[in-house]
There are 2 protein chains.
Amino acid sequence: MASTRTGPNLSRIAASLGVSVATVSNALSGKGRVSAELVERIRATAAALGYVPSQAGRALRTGRSGVLGLVLPDISNPLFPQIAQAVEYSASVAGYGILIADSRGDVGMQTEAINRLVERGVDGIVIVPRRGTRIADAGCPVAVIDTPSTPGNTVSADHWQGGREIGRHLRDLGHRKILLIGASSTSNVQNDRIGGFKSALDATIKTEVLWIEKLEEQNGPGCLLGLADKAQRGFTAFAALSDLHALRALTELQRAGIAVPDIATVTGFDDLIWSAVVTPALTTMRMDMETIAEIAVTALVNAIENGGPTEKGELDEAAADEPLPGGRLVSAEKSRVPMRLVIRQSSGPPGPARTNLLAENS
Amino acid sequence: MASTRTGPNLSRIAASLGVSVATVSNALSGKGRVSAELVERIRATAAALGYVPSQAGRALRTGRSGVLGLVLPDISNPLFPQIAQAVEYSASVAGYGILIADSRGDVGMQTEAINRLVERGVDGIVIVPRRGTRIADAGCPVAVIDTPSTPGNTVSADHWQGGREIGRHLRDLGHRKILLIGASSTSNVQNDRIGGFKSALDATIKTEVLWIEKLEEQNGPGCLLGLADKAQRGFTAFAALSDLHALRALTELQRAGIAVPDIATVTGFDDLIWSAVVTPALTTMRMDMETIAEIAVTALVNAIENGGPTEKGELDEAAADEPLPGGRLVSAEKSRVPMRLVIRQSSGPPGPARTNLLAENS
DNA sequence: AGGCCTTGATTAAACGATTAATCAGTTTTT
DNA sequence: AAAAACTGATTAATCGTTTAATCAAGGCCT
């Protein structure tokens, strides 16, 4: 603790007032029995001396560090800022700090990252798992933010509902041939979005899914997606499963001289930072990260402080009523948070030469 | 510490081997004098018992938490992932964890965020300051990542050089009328980039600076930048001071039917995630964040562990030889890291109907 | 052979906070 | 009036690690 190395501690306050350290501790924490007048004097001198409690001392005694770990599949993911900001905020409101760990896209490193956090003594961990991975027993409560269809998911955006809403939006605009653009078919999140999307359509609407990773395996990263060709073949709407892909689609279409939204409609997902400032601004689905983070952190803190509701996610052979196994997945009552449709300028009715005058609903 | 709450500790290992805790501690840390044979046995049982040292106990005794704070002006900034990832990596290599704090764009909250970190006992802090703010005395070593022209800067990209390189690139391509696009004239970083940019041009080249924030004050956020009009007036190159603005320029020009790079050239800064996947892929300047983070973390760790080179940045009236004032700005020998020009498809010679066939230099 | 250095271990004192147990007065109860 | 209960404080143990100080024993020197 560089913080309180030389700074005042409880005993210094106690000494300067001629009382015992226990009394000072009780006064500041409000736990024991201390006269109101003395509490006031202790508070005053503590403030005067600039007292800052030592987390190390407290942690050693209480067994709690007051820190949560945040494990991300890949920090460089553009969605990360939203997540980190929301989780950090919820945690700080609950009195916790956030220690970050990056698994850098590597599946094996996810376990390693978790271990690093555990060794640092975090009280709990929020994990946004790499797709398809299971969470190893961490030795502390764990909240998982993924997608409702993933077993063990604590809370997440309702990606299925999000897909359904954007599907409805495109259906109502009159599109009859829609291209879905995703990264990889192994993503639970993207599959949920696709499932929801298709559930909103009727039989007359034709869809096709373009997987970017598969395409790039053949043509190299950053290759063209061949959307102009798709447009020729009658696709009037391009529903990307991420704003990053939507952006790629938008610029590729524009470059090919296909006006958006006049000729083709482009929609995205996640409302990433640039979505509002490109021209035309992207119609997209926004996750309510603030709520998701708050639910996840609350569930985690509850498990930490009260041994709240948990479920054994991985150790299937063990009995569920086993005495606290150390690592445990926490669960929340509300596990799916609805996404919100943000209509901007990139979506409109199909066919040539029509402009979308809908204003953004803030 | 949820980690070692019930787990094995030094005394358990000591007991199970019939030696003293001090010996175990010495054996595991390699500091005292312990026979090689006993070290081996201790190591073995420690591993067998799954021993994890308690950070709390260690921190309390040594006064070091092994954690660095990372203060960011606004986590939602798209540049953040790069920074966080690089800093987290460098820190973990040096054996430190990263605690994040977000000042959410608010100037006042920067101080508050720093205080939160200090209260959590971080050993040092890496700050990417909100533009124009000074760093308050934090009570622990502080490394600042901003721009070389900012007093107190520890290390950063050489934004001036970056500007110069992209200026040269556009000059060599033959552009004679260039529009610079920035967010705000109060940003040191952007001003450095502009300064470097102009230093690369000769007198025959005309430039103009468009400040987005000023424009949005009048026309509302997300408004058009009027670039089509600028193109009409003879501007052939649009050099944005951030990829976010470059993207905005690119899509706005495309929407107006101005082909990039055939008619107009667009360049950016920072090589953000989407820069390589839009069409045309953005020519941009890339910061070497890995190196910057490594230098910053190394300087910080050096100051923490050896009381390395520091300078009093703020407390001007105090003598420089004052005994360690607690909070101090660390300095590094190498404080400016060159940026690298990444040529992609969005830049080309001016004038109609010419295509840029330069390959990306990876 | 006695003194001295080296080796390999132990002892004990911190670090700073929390908290159960205790204690001396004072007030209330029986 | 003696017992019981409450109030406001103190004492002392504890969390797990590090580390200075100490100690016993064997080897080396003069």
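Two residues are in contact here when heavy atoms of each lie within 4.5 Å. The model shown in these views is predicted.

**View 1. The contact between chain A and chain B.** By that contact rule, chain B contributes 68 residues and chain A contributes 68 residues. The size of an interface is often given as the accessible area lost when the parts come together. Here chain B and chain A bury about 5,300 Å² between them, and carbon and sulfur atoms carry 61% of that area. On the chain B side, B:Gln85, B:Arg120 and B:Arg255 supply 13% of the area buried against chain A, more than any other three residues.

**View 2. Polar contacts and salt bridges between the two chains.** Between chain B and chain A there are 4 salt bridges. One of them joins the side chains of B:Glu88 and A:Arg116, with 2.8 Å from N to O. Across this interface, 16 residue pairs are in polar contact, counting pairs with both residues at pLDDT 80 or more. The elements of chain B that give two or more residues to the side touching chain A are H4, helix H5 (80-93), strand E2 (97-102), helix H6 (107-119) and helix H11 (243-255). Of these, H11(B) gives the most, with 8 residues. Sorted by class, this side of chain B has 35 nonpolar, 19 polar and 14 charged residues.

**View 3. A strand pair that joins the chains.** Strand E2 (residues 97-102) of chain A pairs with E2(B) in the antiparallel sense, over 3 bridges. At one position, A:Leu99 has B:Leu99 as its bridge partner in E2(B).

**View 4. The surface near DNA strand C.** Around DNA strand C there are 26 residues, and the closest are A:Leu10, A:Arg61, B:Thr23, B:Arg33 and B:Ser35. Of the atoms of DNA strand C that come within 4 Å of the protein, 59% are sugar and phosphate. Phosphate oxygens of this strand have polar neighbours in chain A: a polar backbone atom of A:Leu10 is at 2.5 Å, a polar side-chain atom of A:Tyr51 at 2.7 Å, and an N or O atom in the side chain of A:Asn9 at 3.4 Å. The elements that give two or more residues to this surface are H2 and H4 of chain A together with H2 and H4 of chain B. H4(A) provides the largest share, 5 residues. By class, the surface near DNA strand C has 10 nonpolar, 10 polar and 6 charged residues.

**View 5. The surface near DNA strand D.** DNA strand D has 25 residues around it, of which A:Thr23, A:Ser35, B:Leu10, B:Tyr51 and B:Arg61 come nearest. Sugar or phosphate accounts for 61% of the atoms of DNA strand D within 4 Å of the protein, and bases for the rest. By class, this surface has 9 nonpolar, 10 polar and 6 charged residues.

**View 6. Polar neighbours of DNA strand D in chain B.** A phosphate oxygen of DNA strand D lies 3.1 Å from an N or O atom in the side chain of B:Ser25, and a phosphate oxygen is 3.4 Å from such an atom of B:Asn9. A base nitrogen of the strand is 3.2 Å from a polar backbone atom of B:Gly57. Helix H2 (21-29) and helix H4 (55-62), from chain A and from chain B, are the elements giving two or more residues to the surface near DNA strand D. The largest share, 4 residues, comes from H4(B).

Note on methods. Residues are numbered from 1 along each chain as its sequence is written. Chains are lettered from A and ligands numbered from 1 in the order in which they are written. This is a predicted model: local features need pLDDT of at least 70, side-chain atom pairs count only at pLDDT 80 or more; totals for chains, interfaces and linings use all residues. Side-chain values use heavy atoms; hydrogens and water are left out. A residue is near a molecule or strand if one of its heavy atoms lies within 4 Å of it. A polar contact is a pair of N or O atoms within 3.5 Å; within protein, one must be able to donate a hydrogen and the other to accept it, and residues adjacent in sequence count only if both atoms are side-chain atoms. Ala, Val, Leu, Ile, Met, Phe, Trp, Tyr, Cys and Pro count as nonpolar, Asp, Glu, Lys and Arg as charged, and the others, Gly among them, as polar. Buried area is the accessible area (1.4 Å probe) that two parts lose on being put together, summed over both. Two strands pair if DSSP finds at least two bridges between them.
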